[in-house]
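Let's take a friendly walk through a protein structure together. Have a good look at the picture below before reading on.

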Amino acid sequence: MTIMILIGAIFLLIFLLFLKPFLQMLEGHVLVDRLKTKKGFQSPLKAGILTFGLNVVLVSITVLCLYVPALIGMDMSPLFAMVFGTIMSVLAWGILNRGYQGNRPIMMGFIGSSFYLLAFITALIVWFLPSSRTGEELFHWEIGLIMIGVISFIAWVMNLTVISYRGKEEGG
């Protein structure tokens with residue numbers, strides 16, 4: 001588990017190094033062009049709320065991809081669902097970044113990424129609450145909370161970075 005988190009963090013750092021070419025690659029995408037023409041999307045508040053809602057939908061789809069196969073008895077790796085969710089999230093965030101042409105992209109980023117910040121804070125609060133669990137059940141519960149905390153914190157930083165990134169030529 002620690003190795004997977006370490007490998008994921010290394011890939012995210014490498015991705016951050018190549019963020020500018022990734023975002024330039026999305027220029028001209030159909031959804032980017034459509035978002036650029038939507039006047040309401042150019043408001044940081046409305047764009048942030050849309051990003052927040054999109055994050056809720058993306059996390060819900062990822063959780064469904066994690067639990068539905070287990071409920072119907074399919075033997076599938078949770079790694080597949082997590083990788084799929086990560087790729088779809090980063091792609092969606094890049095499209096939102098390129099489609100938003102308004103001022104204050106950091107405000108849009110803070111509003112949109114606050115979903116992951118709330119998940120992180122919730123995991124911290126639950127971590128410090130007294131639990132009636134004991135033994136192995138408590139251990140698994142705490143490992144799950146640690147994973148939720150780490151994943152939501154990394155997602156918060158990535159979302160904020162990708163959404164609010166502006167290159168020097170864009171005034172950032």
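What follows is a short tour, from the whole protein down to single residues.

**The whole protein**

Keep in mind that this is a predicted model. Which kinds of secondary structure does the protein have? It comes to 7 helices and 0 strands, so reading from the N terminus you meet α-α-α-α-α-α-α. The C-alpha atoms fill a box of roughly 55 × 35 × 30 Å along the principal axes.

The protein has 172 residues, and 31% of them are buried. Its accessible surface is about 10,800 Å², with 75% of that belonging to carbon and sulfur atoms. As for charge, there are 11 positive and 8 negative side chains, and the centres of these two sets lie 19 Å apart.

How do parts of the chain meet? Take the contacts between residues at least 6 apart in sequence: 81% of them join residues at least 24 apart.

**Helix α7 and the core**

Helix α7 covers residues 135-164. At 1.5 Å a residue, its 30 residues should span 44 Å, and because the end C-alpha atoms are 44 Å apart, the model agrees with that expectation. Several residues of α7 are buried, including Leu145, Gly149, Trp156, Leu160 and Val162. A general point helps when you look along a helix: there are 3.6 residues a turn, so residues three or four places apart point the same way.

Now for the largest nonpolar core, which has 24 residues. Phe15, Phe22, Phe41, Trp93, Met108 and Val162 are the members that touch the most other members. The elements giving two or more residues to this core are α1 (2-17), α2 (19-25), α3 (30-37), α5 (78-99), α6 (105-128) and α7. The largest share, 6 residues, comes from α7.

Val162 is a good residue to zoom in on. Which residues does valine 162 contact, leaving aside its neighbours within four places in sequence? They are Phe15, Leu19, Leu23, Val90, Trp93, Gly94 and Asn97.

**Three residues, three degrees of exposure**

Try finding glycine 99, isoleucine 111 and lysine 39 in the structure. Glycine 99 sits in helix α5, isoleucine 111 is in helix α6, and lysine 39 belongs to the loop between α3 and α4 (44-71).

Are these residues buried or exposed? Glycine 99 counts as buried because its relative accessible area is 0%. Isoleucine 111 has 22% relative accessibility, so it counts as partly exposed. Lysine 39, at 77% relative accessibility, therefore counts as exposed.

Each of the three also has a partner that is many places away along the chain, as the table shows.

| Residue | Partner | Separation along the chain | C-alpha to C-alpha distance |
|---|---|---|---|
| Glycine 99 | Phenylalanine 41 | 58 residues | 8.2 Å |
| Isoleucine 111 | Lysine 46 | 65 residues | 9.3 Å |
| Lysine 39 | Glutamine 101 | 62 residues | 9.8 Å |

What does glycine 99 touch, not counting residues up to four places away in sequence? The list is Val32, Leu35, Lys36, Phe41 and Gln42. Phe41 was also named among the core members that touch the most others.

Isoleucine 111 has its own set of contacts beyond four places in sequence: Pro44, Leu45, Gly48, Ile49 and Phe52.

Conventions. Residues are numbered from 1 along each chain as its sequence is written. This is a predicted model: local features need pLDDT of at least 70, side-chain atom pairs count only at pLDDT 80 or more; totals for chains, interfaces and linings use all residues. Side-chain values use heavy atoms; hydrogens and water are left out. Helices (H or I, at least four residues) and strands (E, at least two) are DSSP runs, numbered from the N terminus. Buried means under 20% relative accessible area, exposed over 50%, partly exposed in between (1.4 Å probe, protein chains only). Contact means heavy atoms within 4.5 Å. Accessible areas come from the Shrake-Rupley method with a 1.4 Å probe; for residues, only the protein chains shown count as cover. Lys and Arg count as positive and Asp and Glu as negative; His and the chain ends are not counted. The place of a charge is taken as NZ of Lys, CZ of Arg, CG of Asp or CD of Glu. The expected span of a helix is 1.5 Å times one less than its number of residues. A nonpolar core is a set of buried Ala, Val, Leu, Ile, Met, Phe, Trp, Tyr and Cys residues joined through side-chain atoms within 4.5 Å.
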